[in-house]
Amino acid sequence: MTASTPFLQMALAWSPRVMACDLVIQPTGNGRGRIAIDATAATALLIALGTDRRAEPDDTLPGDVAGLPAQSAGLLAMRGWVGDICLPEGQRLGTRAWLEARGKTTEETRARLAGYTAESVEPIADYHGVDIQTGAAWLTDDTIQITAQESATSVATVVGS
């Protein structure tokens, strides 16, 4: 499939130091820098797999959220990004993989995670006119890795222990 819209966004990269994504700064000299521009799918895929998509009304929510007991039955229990309201009708940002973080270690869980991964990158593939391969594979007995790959760019994260 030929790309209809190029990837051009502020570059994000995983920072092991802070255990989160961070902006990439390109040094320009004299202790200064500029925000790097990412012309690959990496940043878009990091956002898709690294953010929580709002749960659907019929999704089964996990139990109490560690450290945030007020969310367990409240307004924020379904998570998601408030900015979804600005997206086109029915489009949502992120993945629902968080729903399976404490799920059973079954083949059904792995299959659901594969579906959540495909669902999270579908808007990116549609907008940019590219094919994005997704998957979910067992790493250990209680850990599943979800992956999204476009061309030579691959992003993965783990769900579970």
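**A three-stranded sheet and its surroundings**

In this predicted model, alanine 148 stands opposite valine 155 in strand 9. Let's start from that pair.

Me: How many bridges join strand 8 to strand 9?
Reply: Happy to begin here! Strand 8 covers residues 143-150 and strand 9 covers residues 153-160, and the two run antiparallel. One of the pairings puts isoleucine 144 with valine 159 as its bridge partner. The number of bridges joining the two strands is eight.

Me: Which residue in the turn between strand 8 and strand 9 has a positive phi?
Reply: Strand 8 and strand 9 form a hairpin, with two residues between them. The phi in question is about 60°, and the residue in the turn that has it is serine 151.

Me: Which are the edge strands of the sheet with the order 7-8-9?
Reply: This is an open sheet of three strands with antiparallel pairing. An edge strand here pairs on one side only, and that picks out strand 7 and strand 9.

Me: By how many degrees are neighbouring strands of this sheet turned against each other on average?
Reply: Direction is ignored for this angle, and it is an average over neighbouring strands of the sheet. The value is 20°.

Me: At what angle to strand 7 does helix 2 run?
Reply: Good one to check in the viewer! Helix 1 (residues 42-50) lies across strand 8 and strand 9, at about 15° to strand 9. Helix 2 lies across strand 7, strand 8 and strand 9. Its angle to strand 7 is about 145°.

Me: Is glycine 129 buried or exposed?
Reply: Glycine 129 sits in the loop between helix 2 (107-128) and strand 7 (133-140). Buried means under 20% relative accessible area. Because its relative accessibility is 11%, glycine 129 counts as buried.

Me: How far apart in space are glycine 129 and proline 6, C-alpha to C-alpha?
Reply: In sequence, glycine 129 and proline 6 are 123 residues apart. In space, C-alpha to C-alpha, the distance is 9.0 Å.

Me: Why does isoleucine 25 count as partly exposed?
Reply: Isoleucine 25 lies in strand 4 (residues 25-29). Together with Leu8, Met10, Leu23, Ile35 and Ile37, Ile25 forms a nonpolar patch on the surface, with about 580 Å² of accessible area together. Partly exposed falls between under 20% (buried) and over 50% (exposed). Isoleucine 25 is partly exposed because its relative accessible area is 48%.

How values were computed
Residues are numbered from 1 along each chain as its sequence is written. This is a predicted model: local features need pLDDT of at least 70, side-chain atom pairs count only at pLDDT 80 or more; totals for chains, interfaces and linings use all residues. Side-chain values use heavy atoms; hydrogens and water are left out. Two strands pair if DSSP finds at least two bridges between them. Helices (H or I, at least four residues) and strands (E, at least two) are DSSP runs, numbered from the N terminus. Patches are made of residues with over 30% relative accessible area and no salt bridge: like charges are joined within 9 Å, nonpolar side chains (Val, Leu, Ile, Met, Phe, Trp, Tyr) within 5 Å. Accessible areas come from the Shrake-Rupley method with a 1.4 Å probe; for residues, only the protein chains shown count as cover. A salt bridge is a side-chain nitrogen of Lys or Arg within 4 Å of a carboxyl oxygen of Asp or Glu. Buried means under 20% relative accessible area, exposed over 50%, partly exposed in between (1.4 Å probe, protein chains only). Axes are lines fitted to C-alpha atoms, for helices over the stretch in contact, and angles run from 0 to 180 degrees between N-to-C directions. Contact means heavy atoms within 4.5 Å.
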